[in-house]
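Here is a friendly tour for anyone opening this structure for the first time. Keep the 3D view handy and follow along.

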Amino acid sequence: MEGKKPQKRAPDHIDTPEKRQRLLERAFLNSSESSSGLIEAIDQSDLGGSYYQRVFSEALKKTSECDAHLLDDRETALIAQYFGLSANAQRLFVRLFSRQWKWIRSRSFNYSDIDVVEALKELSAVAFTDDDAISLTDLLHLMTCPELKVLAKASHAALKGKTVKESLVKAIETYVKTQKVLMGSPYDRMRKRVVTIIGPLVRLRKDIYDSFERIMVLYFRCLDLSDRPMTAGIMSEIHRWTFPEYQVDQGTVVFPTRQDYLHYYDALQLHAKVELLITEKRLTDTIRLLDELHAEWHNGLANSRPAAPSEYFLLQFTSTRVHTSILTMYAMKILPPLRKYDEAMTILQLLLSQHTFGLGSRGKWWDQLSHLALNYGPGDGSSREQLSMDFCVEALRDVYVHAAWIVKIKRRMERIAKKSMRSLQGSKRAKKAALHSWETMIPVDVRPRIVDLTVKEPTVIIFEGVKVEKGSSGQKASWILSTPEGVQATVSVEAYALSQYATSGFVGLHVENALFHHIFTLLFYDILFSPKKSVFQTRFQTHPLDLFTDGFFFDRETSINSRCDEICSWDTQTFQTKVLEADARFRMRKIRAVGFAWDTLDEDNFTEIISCMQPRPVVAVLKCMATSYKDHSGGLPDLVLWQASAQSTGQIRLVEVKGPGDRMSEKQLMWMDVLAAAGWQVEICKVVDRKDRAGMVPEKEGLLEDD
């Protein structure tokens, strides 16, 4: 504040609470924004013990008070055992729990606030830690590469090829298997040597770990296990994250019985297991899980209860919702790559036969079903086309299929219809007329959903450049950018496009969805965090629990429409003032709410961008996002370009960038159409390799993803 003298900062060699806070925040800034990266940053900083302990203890106490009916006697006893530990042992236990469940070398602990030796004794005394024997293979994998190299050399193990960790482990194992000794076992001797090198090991017992993880899932109302449940609480405790203010309401029962709660947790574990197998490209290993999954899903569906629209979001906390998500993964990501197309189509038809779970996914299911029918369905080409067309028609009749999917389904119907018309008899003129009126082949009752959706061909801008050859499969191509000083740099295709637009006087940012997500939250903040029954279950939420369901719009339709009308009534100056005032208010505290993009949009750039906007075009985007945030929060253009003006509203363009071989997705085309219809200037920027320019695809062809 003005007139207030700045406080002196303590020298770095003096330990103060402020210095410890700075060091901890610096550790976070150097870490990834992923949950595992954040937890690791706290752990390595040696400053997070009390943060862990406070959050963990709060979760246990609140769960014991509010959800005691979901805990059994054993879990209640475990909670009591934890609170019976010394503060020293509690701190180490929570540190171990916050890591992945695996063996850890106790020598790696370097916590100034924990007496590790005494804490381990105490945890062992209450049987919280594991004392199972560990195999030689697992022990070797706990060693570092330098340690393995020294051990292999000392053992005279034969090394072949690259000395990466896996090859070193195999070489040592091969050496052990080939050794013959007069007394003792080569395996036991090697194991003893390895144990001497790595020192004592520790991990929590699996049943103890799972019990406390279930409690954390319950307290934090986790929807999956991809993020560690405690991350949000820890980050709030160290003031790294400031959550929105809202009214927590746990009045509605989320889990009616303990059995519901246990089935939900088991389903989350299965979901995480299948996701891991997909990531590791072990698709065939997932097939053995499918029969049991089918049985669980059918059983859950048979015992499910209809939910009122205002409580539909609570179905997220059921095992059947999770099993529905897993079946979707099988139909989309597992069975088609394994060429099990019939099984994938059967699952999709099964999912579509019910109208309780996954309503927001129905567009995705219909699209995949019509795609598989067209390309891999039964019968010959014409029967496949008819089957695919039938599925497309049913998709258009489905009220839960949103605009993003209708665009893709419409394109497929158009291709099928035109292909059928080309085979008709008649003059060329008659065929040409028929091709332009292909909608006549579509049943009358669904025509309004496709006729009203006029996909506009956006302007195509072409820039030439010099492409750098890809290093490995799956990597995005890079481009050579020459600065005015003659320095060459390798940049992404988006950065190269920005540099080319800059020559025409445009300033730009690569924002993708971030810009409109940010504006959406600024202008709908009070609606997002208004009191609604049970949508705020904990104090660590970035959004209401129903945001990614159809229930969000249905339950707030009146207030959303009213807000959109209000924004449309503002003049340009009022709109810009309102948006920037809201941004300044929330930016000051860096509120962690869904959509806010503080790191992507700095204050100066955001101010200039907003100075080029008018309210009505913005409302068109926000209304589309509000109707189905899950489906319509992705696919927005890569770049925002602007030319600010002191005298009037500046110019603004929204640009989707494509490199060689890239194609527009249907969701991107949907947004191009919505944006253009609302008055935005939209473009597709194609960056082409100079040496391939002669053989480039014509501008208006090849823009769409293929079936």
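## Starting with what "buried" means

A residue counts as buried when its relative accessible area is under 20%, as exposed when that area is over 50%, and as partly exposed in between. Keep in mind as you look around that this is a predicted model.

Let's try the cut-off on Gln 90, which you'll find in helix α5, residues 87-98. Gln 90 has a relative accessible area of 8%, so it is buried. Now look for Phe 56: it sits 34 residues from Gln 90 in sequence, and the two C-alpha atoms are 9.6 Å apart in space.

## A little open sheet

Next, hop over to an open sheet made of 3 strands, ordered β4-β5-β6 and paired in the antiparallel sense. At its edges are β4 (467-468) and β6 (488-491), each of which pairs on one side only. In general, the strands of a sheet pair through backbone hydrogen bonds, and they can do so in a parallel or an antiparallel way.

Strand β5 covers residues 478-482 and is joined to β6 by 4 bridges, with the two strands running antiparallel. If you want a landmark there, pick Trp 479, which stands opposite Val 491 in β6.

## An enclosed strand and its partners

How many of the 8 residues of strand β9 are buried? The count is 7, so β9 (residues 651-658) is largely enclosed by the rest of the structure.

β9 pairs with strand β8 (residues 639-643), running antiparallel to it, through 5 bridges. Here Leu 641 faces Arg 653 in β9. β9 also pairs with strand β10 (residues 681-689), this time in the parallel sense and over 6 bridges. In that pairing, Val 657 stands opposite Cys 685 in β10.

Arg 653 turns up again in a salt bridge with Glu 683, where the closest N and O atoms are 3.1 Å apart. That contact links distant parts of the chain, with Glu 683 in strand β10 and Arg 653 in strand β9, 30 residues apart. Both Glu 683 and Arg 653 are buried.

## More salt bridges

There are 28 salt bridges in the structure. One of them brings together the side chains of Arg 258 and Asp 72, at 3.0 Å from N to O. Those partners come from distant parts of the chain, 186 residues apart: Arg 258 belongs to helix α13 (residues 258-279), while Asp 72 is in the loop between α3 (49-66) and α4 (73-84). With 27% relative accessibility, Asp 72 counts as partly exposed. This pair also has company, as Asp 72, Glu 75, Arg 214 and Arg 258 are linked in a network of salt bridges.

Another one to find is the salt bridge between the side chains of Lys 408 and Asp 367, at 3.6 Å from N to O. Lys 408 lies in helix α19 (residues 403-422) and Asp 367 in helix α17 (residues 362-376), so the contact ties together parts that are 41 residues apart in sequence. Lys 408 and Asp 367 are both buried.

## A negative patch on the surface

Last stop: which residues gather in a patch of negative charge on the surface? They are Asp 602, Glu 603, Asp 604 and Glu 608.

To get your bearings, look for helix α26 (residues 603-610), where Glu 608 lies. Is Glu 608 buried or partly exposed? Its relative accessible area is 35%, so Glu 608 is partly exposed.

Definitions and conventions: Residues numbered from 1 in each chain as written. Predicted model: local features only at pLDDT ≥ 70, side-chain atom pairs only at ≥ 80, totals over all residues. Heavy atoms only, no water. Patch = residues over 30% accessible without salt bridge, like charges linked within 9 Å, V, L, I, M, F, W, Y side chains within 5 Å. Areas by Shrake-Rupley, 256 points an atom, 1.4 Å probe, with all protein chains shown as cover. Salt bridge = Lys/Arg side-chain N within 4 Å of Asp/Glu carboxyl O. Lys, Arg positive; Asp, Glu negative; His and termini not counted. Charge placed at Lys NZ, Arg CZ, Asp CG, Glu CD. Buried < 20%, exposed > 50% of the residue type's maximum accessible area, 1.4 Å probe, protein only. Pairing = 2+ DSSP bridges.
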